[in-house]
Amino acid sequence: MSKNYNEKTITTDGQLMLKKAEKDQLETVWDRYEAQLPQCGYCEMGLSCRICNMGPCRVDPFGEGPQKGVCGADADIIVARNLGRMVASGAASHSDHGRDLVEVLEAVAEGKAPGYHINDEEKLKRVAGEYGIDIDGKDILKIAGELAHAMQEDYGTRKKSLTLLQRAPEARRKVWEKAGVTPRGIDRETSEMMHRTHMGVDNGWVSLLLQAVRNALSDGWGGSMIATDVSDILYGTPKPVQTSANMGVLKADHVNIVVHGHNPVVSEMILLACRDSDILAMAKSKGAAGINLAGLCCTGNELLMRHGVAMAGNHLMTELVIATGAVEMLFVDYQCIMPSLGNIAGCYHTKMISTSDKARFPNMEHHEFHPDNAADLAKILVRKAVENFENRGEVYIPVDPVPAVGGFSVEAIIGALGGTPEPLINAIKAGKIRGAVGVVGCNNPKIKHDYGHITLIKELIGNDILVVDTGCVAVATAKAGFKNSEAVQFAGPGLKEICGAIGVPPVLHMGSCVDNVRILVLASALADALGTDISALPLAGAAPEWYSEKAISIGVYAVASGIYTVLGPMPPITGSMNIVKLLTEGLNDVLGATFAVEPDPEKAALLIRKHIEKKRAGLGLDSRDIK
Amino acid sequence: MNYIIIGNGIAGIQAAETIRQMDSESGITMIGDETFSPYCRPMISLVLEGAIPPEKLAIRGEDFYEKLHIEPVLGNRVTNIDVADRQVIIDHRPKGGRKTCFSFDKLLIASGADARPIKAEGLNLKNIFYMRGRSDVLEMMETLAKAKSALVLGGGLVGFKAAYGMMKRGLEVTMLIKSGYPLSMQVDEPAGNLILKELVRHGLNVRVGAEVSSFEGDRHVTGAHLSDGSVIRCDMVVIGKGVLPSLSFVPRDRIKVDLGIMVDEHLETTSPGIYAAGDVAEYVDIARKTPWVNAIWPEAVNQGKLAGMNMAGRSVAYKGSLSRNVIRIFDMDVMTCGLFHPPDDSDHQVISEINPRKNLYRKLVFKNDTLVGMVMVNQIDQGGLFAALIQSETPIRIPKEAMLSPVFNYKQLL
Amino acid sequence: MKKVVVHPERCVGCMQCMVACATAHSRSGELFSAICEIPLPKPRIHVGVGLYGEGFPNRCRHCDPAPCMLACLPGAIYRNADFDTVMIDPDKCINCASCAMACPFGVIRYHEDIFAPMKKVVAVKCDNCIGRQAKGLIPACVEVCKSNALTFETSAEALKRKTNEVARTVSAEAGITAAAPGFNLLNAIKKTQNQLKAN
C-alpha cells in the first residue's frame, strides 16, 4: 500500500487510520483493490455473460473476436441482461429489508415482539389510510396488523399496481403507464427480472431495460418506501437532532459498541440495551464511564435520524474503525458488510457478532435476532461487550468528532418550513435557491474516498443549490462540517439566507439508503404544489462514489421518477453504445429524465447546474447561463 | 594480425569469441594464470555452499581454445609489457623451451583483480583463505570437512558469500565487519539491516567495528586476536576485504592507470592498440558519472565483447559501467543498482517505501528526472526495468511514486 | 516465421492468456486437473496493470541479442534457432536471478516447474510454446485471446496491417471511427478516476 494516504481519502481520520492499519499490517479494501488490477475489461463493459452453462461467453468490443454468446445474444442483450440482474439484486435487497420490518410490525400487532412497539401512531394511521384501511375506532395494534397484511400484499402477485404509487404526481403515474413500467408487486418484479434474464426469454435490450425500470420502481415506490414508513411507525419519524461524526465519536473511557448493516430491527434493540440501567451499572463497575453506541453505514444512519446516535464512518471506513482498538463489540446484520471484517477483528479484542439468519460472515460469532428474542438477546450480548472492556489493548482514536445536525424526514423538513412546502417553493421561485439535489450512494476505492461527495456538494451549495443527502454521503458531509452551525459559510448567498432564516444547515441529512424514498416523497410534494410533474422541477440526483447493486436500483428509480441523475463511476454498460445512448439520452423521451456519468465532481457539478437552470427556464423561472 | 589477450576470465573469453567471429584468420593468444577450462567465478560460492559440484562451474568446454584456434598459455602471469616493441613478457618456467615473450599487434589486458591483502601477524598459518578463484574454494572444501567454526573478515560480497556458504554447511560463523551492516557497498542501511536480521536469525554471529591484529595457532589457525583485545576461536578464516585490479605488470608511464586501467569509450587505453576490459578496467560509471571500477560479471561480459569488436576493427562505443548486484539470502532477495547512496543535494531525490506486511522494501534515487540508483528487497523480478532505466538514462515522465508499488510493471512506462 | 505479436491497445485485462499459458505448461494440459498439480503450473505471460487500470500482456520478447543470455552466469540461457526462441535450461539454472537484473521487461519468474528437476526453483519464462508449435498448434496465449491483443503472424503481416492502418488515417475522406467506442469511453472514465486521486 502506498504511503500516499491522501490519494486514498480526503478525510483526516481516514488518513491517520490508514497509517495505523499499515503499522498493524492489516489488509484493507484498498490493498485488495490494487491486487485485482487490471480488472477484466469484458466484465467492466458488461460484455461477459455467465447466465447459462453453454457459456461462459464474452463479446469482443473490437469487432474481430466473438460478437455473440453461444445462444446468439449480442452485446446489447448481454449488457442489458447483466444490468437487469444488478437491478434485481439491488431491489431485492431493499425490499427484503422492508419485508423484515413488515414482519416485525405484524409481530407487534400480535403481541409477539417484546421490546418493539408502535412509536408513531399518527403515521400508522396515515399510511393505513393510504392502504384503504378503515381506522375509525380501531385499536392501534389491529390497524398495525391490517397494515402489515396489506403491505405483504404489495409484495405479492395479486395486485396490478403498488399502493404507494399514489404518492407520486398523477402526471408521473401516467408516464409510467404509458411506458408500461407501473410496478405490480414487489417480489413479482424481481422475480420477473430473473425470469426475463434467463437464457432464451427476453432478448429485447429495450424491453429488458424497461423491466429493470419497473423492478427499480417496485423498490423505490415499494420495498424501500415500505421499509422507511414502517421504520418510522415502529421507531419514530425523525426530527431534527444533534449528533456527530467520524472516528472520534468512539470514546476512550467508555465501552464502545458499533452497529453496522442496515435494518433498525436489530440496531434499535441494541440501543435499548445500551441504555439499560443494570447494564450501565455493570459497565461503571468495570471502570467504564458509560456505554457508547456508534454507527457505521445505514443502520447507523437509522439510529442517527431517530436518536442522534453518532456515526463512526461510512463504507470504506468500516475496516478501519476496528483498528482503533477501541471497539468492544461490533454487530452486523446485512448488506455492505465486508467479509474481511472478522479477520481484521482477529488482530484486536473486538468481538464480531452476526445477527441475521440471512447473513453469515467468516470469523464472526452468530447470534440470530428475531422479533421474539431481539430485546433479550441484545441485552445478553451488550453485557458480553461490557465484559470485553477489560481486554482492550492499545487504543488509538486520533481525532475529535465533528458535530452535525440530522433527522430531516419529509415531515421534519415541512415542519421546519412552517407546516407547508411554501417557503421552499417561494425560495426556488425567487431564485434564492436555484434548485435541490439529492446526493446519495456509497464509497468506492475507484474514487478517492469522500472526494467525490465533498467536492460536488461544495460546488452545489456554493451555487445556491440545496443539497439533501443519505447513506454514506451523509456521513461524509457530516465529517466535513457541512451540517453544523457554521456550515452556512460554505453556502452561496441565497442558500445562506434561506437556511439561516429557517435554522437548518445547507445540507440536510435525510437518512439511510432506503430513506432515499423520502426524497421521492418530497419531490412529489413539490411537484403537486406546483401542479406539475417531478421531471419539470429543478432537481437532480448524484451518486459520485457508488459501488453497490442497490445504488443501481436507486439510480434507476430516481431517473424513472423524473430526476436527472449523475453517476461517478461508470456502470458496466460501455459494451453497448446503444444502451449508453438510451440511458444518457433516449430515456428523456420515455421517462423525462436521464443518467449522466462523470467521475470528476467539479464537472458533474457543472452538468447538474446546467440541468437545474434549464428546468428553471422550463418553469418560467429566472435562469442563469452556466459556462 | 596478432591478438594477445591477457587473462582467461569472462572478459577475455568474450573478447576472444568476438574477435574470432569477426576474424577467422588472425592469430589469438590467451595468457592466463588459471589452468581450468573457462569457468564462472561468481558461482564458486555455490560450490562452497554445496549447491553445485565443481564440475558445473565450467562455462566453456575443454576444447574451447582448440575450437577457436586460440593458442593458450596457461599457468602463467605476465610480468611486463614492452609497449614500444609490442611485446608481452611472462614468468619464465623452464619447461622444455617455453616461450617467454609474445608479440602483439593488438593487446587486450583482461587480467582481472586479485583479493586485497591485509596486514596481520600469523597470515602464514594454514586454513586462512582469500576466496577469489576455483582453486581457493577447492582448498576451502577440504578444510571445511573438519572445521567447526569459521571467522570471516569483511562484510562485502566475498566475505558475505563465504559466510553464507559456510553457514549452509553447518559451521558456526562469526563475521567481522567495519560498518554496521553487511554488504555496505552493495546496499543501503534499511536493506542492510534487514539482511543482518535475516542472517542473525539463522545463526550468524556478527562483530562490528573490530579488526584483526594477529592470528594464532600451531601450524593451523586456531584463533584471531582483535584490536579490542578479545580473541575469537576459529579453525578457518576467510578474508574478504575487496579486490584490487591486477596490473602490477602495466607500465604506468605508457598506460594511464588510476585504480584500474583507464580506457576510453572503445575500451582502448591511452596506448593505441592496447585495450582493457573486465575487473582491471576503469571507465565512467553511468550513475556516478565519474570513472569507476565496477568489478562485476555482467560488466566483464559486456566490456570483453565490446573490446573484442573494437579490436577486430568494428568501432563500437561503450556507454559506461553500472554497478549492480542480486543476491538471495535464505528467504530474502536483494537487488541493487547504480547510485543508491546519493549526495545530499537538491539535484538528487530519494523516495522509498517499506511494506512490513508483505516484507518488501524499495528505494529509488533520482537525479532530476532520471533514475540513478535503486535498492529492492524481495519481489525483485521487476528489477531489470530499473537497471535498464538507469543504464539508458531515460527521463522518467510518470509519477515517480508509481515506481515504488509492487504492481509497477513495464506497461506503466509506455 | 510466425511470431506472437502484442497489440497492447486491445488488451482488456481479462488474464485468460495467463490461465491458458499455465495450463499449457502443466502435466495434464487440462485446466481442472492442472490446478491440482504439484508443483502448481504458473503462467509465463503476465498481465500487468497500467497507470490508469488498463491491462497489458507482458511476455518475453525473445530479444536478439538477449540481455538475459549474456547475463546468465552458468550459461543456462540459449537460443533455439529453429523457432527463434530464447530458452532457459532448468538443469543448468542456478536461480541466481542475474537474468531478472538484466531483463528490461521483467518477464522472468522463479519457481518450481514440471520441466525442472523436482523441488528445484529455477528461472522460468515464455518458451513460445515450442512444444505446441512442434505439434502444429499455435501458442496458447494467442489461441485464447478473444480481443486479438495477441496474434500469431509474421512480422511482415503485422507490419503491413499497421502500415495500412496508418495509411488510412491519411485518406481525406476516411472518417476515423474508433475501433471500440465503448472501450475508449471506459478507459477515459478510468483515466479520470485515477488522475483525480492525485488532487
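How much area do chain B and chain C bury between them, and what share of it is on carbon and sulfur atoms? In this predicted model, the two chains bury about 2300 Å² between them. Carbon and sulfur atoms carry 68% of that area. On the chain B side, R328(B), Y410(B) and K411(B) lose the most area to chain C. Together these residues account for 26% of what that side buries.

The contact between chain B and chain C involves 33 residues of chain B and 30 residues of chain C. One salt bridge is counted between the two chains. The partners are D381(B) and R109(C), with their closest N and O atoms 3.8 Å apart. Five residue pairs are in polar contact between chain B and chain C, both members at pLDDT 80 or more. Two helices and two strands of chain B each give two or more residues to the side that touches chain C: α7 (297-311), β22 (324-329), β23 (332-338) and α8 (383-392). Of these, α8(B) gives the most, with five residues. By class, this side of chain B has 20 nonpolar, seven polar and six charged residues.

Chain C also meets chain A. Here 33 residues of chain A are in contact with 31 residues of chain C. Chain A and chain C bury about 2700 Å² between them. Of this area, 65% is on carbon and sulfur atoms. P38(A), Y42(A) and F62(A) lose the most area to chain C on the chain A side. Their joint share is 25% of what that side buries.

Two salt bridges are counted between chain A and chain C. One of them joins the side chains of K190(C) and E44(A), at 2.8 Å from N to O. Ten residue pairs are in polar contact across this interface, again with both residues at pLDDT 80 or more. Two helices of chain A, α3 (41-44) and α23 (577-591), each give two or more residues to the side that touches chain C. The largest contribution comes from α3(A), with three residues. The side of chain A that touches chain C divides into 19 nonpolar, six polar and eight charged residues.

Within chain A, F482(A) was examined as a single site. F482(A) lies in the loop between α19 (471-479) and α20 (493-502). Is this loop residue buried or exposed? F482(A) has a relative accessible area of 2% and is therefore buried, the cut-off being under 20%. Beyond residues up to four places away in sequence, F482(A) touches I454(A), I457(A), K458(A), I461(A) and T477(A), and also A487(A), F490(A), P505(A), P506(A) and V507(A). K123(A) is 359 residues from F482(A) in sequence, and the two C-alpha atoms are 30 Å apart.

Cysteine pairing was considered over all chains. The structure holds zero disulfides. C71(A) is in no disulfide, and its nearest cysteine sulfur, that of C52(A), is 6.1 Å away. That distance is over the 2.5 Å cut-off, so the pair does not count as a disulfide. C71(A) is partly exposed, with a relative accessible area of 33%. C297(A) is likewise in no disulfide. For C297(A), the nearest cysteine sulfur is that of C472(A), 4.3 Å away. C297(A) is buried, at a relative accessible area of 4%.

Note on methods:
Residues numbered from 1 in each chain as written. Chains lettered and ligands numbered in written order. Predicted model: local features only at pLDDT ≥ 70, side-chain atom pairs only at ≥ 80, totals over all residues. Heavy atoms only, no water. Contact = heavy atoms within 4.5 Å. Buried area = accessible area lost by both parts, 1.4 Å probe. Salt bridge = Lys/Arg side-chain N within 4 Å of Asp/Glu carboxyl O. Polar contact = N/O pair within 3.5 Å; in protein donor to acceptor, adjacent residues only side chain to side chain. Helix = DSSP H or I, 4+ residues; strand = E, 2+ residues; numbered from the N terminus. Nonpolar A, V, L, I, M, F, W, Y, C, P; charged D, E, K, R; others polar. Buried < 20%, exposed > 50% of the residue type's maximum accessible area, 1.4 Å probe, protein only.
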